[in-house]
Each structure stands twice: as structure tokens, then as C-alpha cells.
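Work through the following exercises with the sequence and the coordinates side by side, and try each task before reading its solution.

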Amino acid sequence: MQTEKPIIIAHRGAKGMAPENTLGAFRLGVEQGCEAIELDVHLSADGEIIVCHDETLDRTTNGKGMICEKTLAEIKSLDAGSWHSEAYRGETVPTLGEVFDAVPGSLMINVEVKQSYDGNMDRKLVQFLRERDLFDRVVVSSFDHQCLHRIKVLEPKTKIGLLYQLRLYNPAAYAKTFGVDVYSLHPYHRLIDREEVEQAIRAGLHMYPYTANEEQDLKALIDWGVSGIITDYPGRLKDLLALGGV
Ligand code: G3P
Ligand code: MG
């Protein structure tokens with residue numbers, strides 16, 4: 001049974017109601033009561049950290065092409081809101097710096113690294129975190145666990161979180177094989193059960209499953225005692241937690 005309430009983590013902002021990974025979506029998440037946001041990052045051709053889920057601009061802007069082949073100026077000229085709705089026309093693709101400038105300093109930020117095959121993202125992200133001294137409020141996650149290991153070695157102050165979407169035999173034990181401290185586990189929410197959550201918490205890991213939106217799923221995760229829930233609907237989770245006694 002849960003002892004502490006999980007923190008509310010707005011997935012790509014309040015993705016269920018606003019264009020994902022835009023300042024508008026992050027602000028809406030904050031209005032709805034989130035305590036953290038999850039966002040995804042890529043590097044532009046000129047080495048800026050760009051907040052976007054896909055490696056291309058096609059789905060979430062009025063532009064086309066790979067982010068890694070565009071300059072920041074080219075990316076900033078695009079509209080990232082009108083594909084979603086008229087109300088959000090004029091949103092742009094934010095840089096990571098713009099997100100930190102826009103959201104309250106109390107918010108935890110889960111930065112998901114989408115790819116860093118050449119290690120450039122590792123260096124850029126660590127430099128960014130150092131310049132702004134963000135180690136207390138940032139968790140860097142990725143499905144690329146080698147990348148996370150490199151980042152942790154490069155800057156041991158970084159909190160790293162392992163994303164996984166396949167059933168691991170014993171995720172808590174796996175995390176202990178890293179040889180560096182792992183802060184959190186970020187499983188696809190349908191993979192886990194109460195035992196796996198309890199194992200992780202007992203091992204001193206935070207457990208942040210993604211992306212749960214349905215009331216019955218949210219209730220189960222709350223009951224199992226997860227540390228936080230990544231959701232497209234932070235307001236829905238806020239309301240459930242306010243009801244208590246899940
Ligand atoms: O970080 C949790 C979740 O965002 C991972 O999947 O595809 O939504 O980035 P995706
Ligand atoms: Mg993500």
C-alpha cells in the first residue's frame with residue numbers, strides 16, 4: 001500500500017490537451033498542478049539542445065526534415081502549435097534553455113535523451129547542466145543505457161534514469177550492475193506490478209512509470225507506491241490524488 005503520494009510528471013507537457021513539447025504544453029502542465037515535466041531532446045546541426053520527441057520535424061511542426069540537419073534559426077522559424085489547434089498557433093520548438101527559463105524553478109525536469117550515438121549530446125547536456133547548476137532538479141533518462149552510463153561517468157552529479165519498454169528479469173538488480181549510481185527506473189507502465197515497484201523502492205531507486213492516462217492504471221500505480229507517474233493528463237492525476245484513499 002502506498003505511503004507517499006507519487007509526483008505528477010507531465011509527459012511532453014500536458015500532451016493530452018496541448019501540442020507536445022512546447023512552452024504552452026509545459027505551462028498548461030504547471031496550471032494543472034504537475035510537479036515535474038518530462039521532455040525529449042535532440043541536437044540541431046549547430047549544436048543547440050532542441051526539445052522535440054521525433055528526430056524529424058514533420059509530425060509536430062509545419063516544417064520537414066531531420067533536426068540534426070537544421071540550424072537553430074531554421075527550427076525556430078517553424079510553427080509547432082497549429083498542427084494541434086488554432087489556439088496554439090505561434091508556438092515554436094523550444095530549446096532546453098527556453099524551457100528552463102519559462103517554468104518555475106521548483107519543477108523537476110526529466111530530460112529524455114533520444115539519441116547520442118556520437119556522444120555529442122552527452123557533452124552538450126552535461127555542459128548545459130553545469131552552466132546552470134541544475135543537478136538537483138534534473139533527471140536524465142534514456143532507452144540508451146550506454147549513453148546514460150557515459151553521462152554519469154562524465155559528470156557524476158547527474159541523476160540518471162533507465163527507460164525500458166521490455167520486461168526485464170529484475171530491473172533493480174540490473175540497475176546495480178551499472179557500476180555507477182542509478183537514480184530511477186522508468187518502465188512502460190504496463191510492464192510492472194506491485195512486486196517490481198516494491199523491489200525497486202527497497203533497492204533505493206525511484207520508480208517513474210510512463211505513460212499512464214487511464215483512471216484504473218493511475219489508481220493501481222498510486223496503490224503500488226510508485227515515486228511518480230508520467231502522464232499526458234496531469235490534471236486527471238491531480239484530481240485522483242486529491243480524492244485520496246485510492
Ligand atoms: O520518458 C517517458 C516516455 O516519454 C518515453 O517514451 O516515446 O514518449 O518518449 P516516449
Ligand atoms: Mg519521452
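The exercises below go from the overall fold to one helix and then to the ligand shell.

The model is predicted, so local features need pLDDT of at least 70, side-chain atom pairs count only at pLDDT 80 or more, and totals for chains, interfaces and linings use all residues. Residues are numbered from 1 along each chain as its sequence is written, while chains are lettered from A and ligands numbered from 1 in the order in which they are written.

**Exercise 1.** Describe the secondary structure and the compactness of the protein.

Step one: the protein has nine helices and nine strands, taken as DSSP runs (helices H or I, at least four residues; strands E, at least two) and numbered from the N terminus. Step two: the radius of gyration, taken over C-alpha atoms, is 17 Å, close to the 18 Å of the globule rule for 246 residues, so the protein is as compact as a globular protein of that length. That rule is 2.2 Å times the number of residues to the power 0.38.

**Exercise 2.** Determine which residues of helix H1 are buried, and what covers them.

Step one: a residue is buried if 20 or more other C-beta atoms, placed from the backbone, lie within 10 Å of its own. Step two: in H1 (residues 23-31), Leu23, Gly24, Ala25, Phe26, Leu28 and Gly29 are buried. Step three: their cover, judged by contacts (C-beta atoms within 7 Å), includes strands E1 (7-11) and E2 (36-43) and helices H3 (96-102) and H9 (234-243).

**Exercise 3.** List residues around ligand 1.

The shell includes His11, Glu38, Asp40 and His53, with C-beta atoms within 6 Å counting as near.

Note on methods
A residue is buried if 20 or more other C-beta atoms lie within 10 Å of its own, exposed if 12 or fewer, and partly exposed in between; C-beta atoms are placed from the backbone. Two residues are in contact if their C-beta atoms, placed from the backbone, lie within 7 Å.
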